[in-house]
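Okay, hi everyone, let me put the next one up on the screen. I'll go through a couple of its helices and how they pack.

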Amino acid sequence: FFKLLFSYFVKIKFMKLSIIIITFNEEVNIKRTLESVHKIKSNNLELEIIVIDSGSNDNTENICKNYTQDFYFNSWSGYSNQKNFGLSKSTGEWILFLDADEELTENLAKEIGSLCLENIENTCYNIKRKTFYLGKLMNYSWYPDIKLRLVNKVNEPYWEGDYVHESIKFKSTELSNKTLQNYLIHYSYKNITHHFEKTLIYAILSSKDYFQKAKKFRYKNLIINPLFAFIKLYIIRKGFLDGWRGLLAGFSTSYYTFMKYILLKELESNKKK
């Protein structure tokens, strides 16, 4: 009430930014994410932090409640459904989607804050991600890894798709899509073992996605696609400049590509049986 009264007399418009984060056993990462969100500072911008948890049994809930009271439980029903549930709880004009293993840099936080105050309704924004891997930021491998994350609620955004290919759609049309200058940091892998465990999981999910979409397996997919994936990341995108970490990134990308196609072949074979 006092903010609205103040804005009426001094002609300042207050805006609200809703930050939506989905979690499951993220006690290692979530504090860093939530603290980075508070780098978005402006006297005219209100933050609403919404956490959607699918049943964490670690300290995730306690950590989150030190930063927000908007902590909700929702049984896991897929990435898109979880994020759409978060959307249903949001009240801000702007929506920022973050993963629990991401961190806003100070420059990105300032950039987001200034954009939200401008309230450009017909524009949505991509954010670049830079991965922190084995003690170092990867300046070439997996970068810029652009994701659509900042949207205006007036355009009626919603998430669609399952597995690892969910994406934001809009009921409103004719939106301008721009990419922010600054990046966020992605703490995706704890170590090499965790890296390749997740890579295999993503390959399994991708193969199921391909299978559901009736994408057909071809033997050339096992040779050409993994080779091209390695060349693209390690040579074309200059992953070699990240040293031995870049070599690992190139190999994992090739491994992921090979596995998703061989798993697709397995799904097709099982269906015939």
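So, which residues of helix H2, residues 30-37, are buried? Before I get to that, keep in mind that this is a predicted model. Right, the buried ones are Ile30, Thr33, Leu34, Ser36 and Val37. Look at the spacing there. An α-helix has 3.6 residues a turn, so residues three or four places apart point the same way. And if you look down the axis of H2, the buried residues sit within an arc of 160 degrees, so they line one face of the helix.

What does that face pack against? The buried residues of H2 pack against strands E1 (15-23), E2 (45-53), E4 (94-99) and E5 (102-104), plus helix H3 (60-64).

Now let's go further along the chain, to a helix pair. With two packed helices, you describe them by the angle between their axes and the distance between the axes. For helix H6, residues 192-212, and helix H8, residues 244-272, the axes come within 8 Å and cross at roughly 40 degrees. That's past the 35 degrees that would still count as roughly parallel, so H6 and H8 are oblique to each other. As for the hand, the H6 and H8 crossing is right-handed. And the contact of H6 with H8 is made up of 17 nonpolar, 5 polar and 4 charged residues.

One last residue to click on: Tyr202, which is in H6. Buried or exposed? In between, actually: Tyr202 is partly exposed, because its relative accessible area is 29%, and the cut-off for buried is under 20%. Tyr202 also sits 7.6 Å from Tyr256, C-alpha to C-alpha, with their positions 54 residues apart in sequence.

How values were computed. Residues numbered from 1 in each chain as written. Predicted model: local features only at pLDDT ≥ 70, side-chain atom pairs only at ≥ 80, totals over all residues. Heavy atoms only, no water. Buried < 20%, exposed > 50% of the residue type's maximum accessible area, 1.4 Å probe, protein only. Helix = DSSP H or I, 4+ residues; strand = E, 2+ residues; numbered from the N terminus. Arc of directions from axis to C-beta. Contact = heavy atoms within 4.5 Å. Axes fitted to C-alpha atoms, helices over the stretch in contact; angles between N-to-C directions. Parallel < 35°, antiparallel > 145°, perpendicular 65-115°, else oblique. Left-handed = near helix turned anticlockwise from the far one by under 90°. Nonpolar A, V, L, I, M, F, W, Y, C, P; charged D, E, K, R; others polar.
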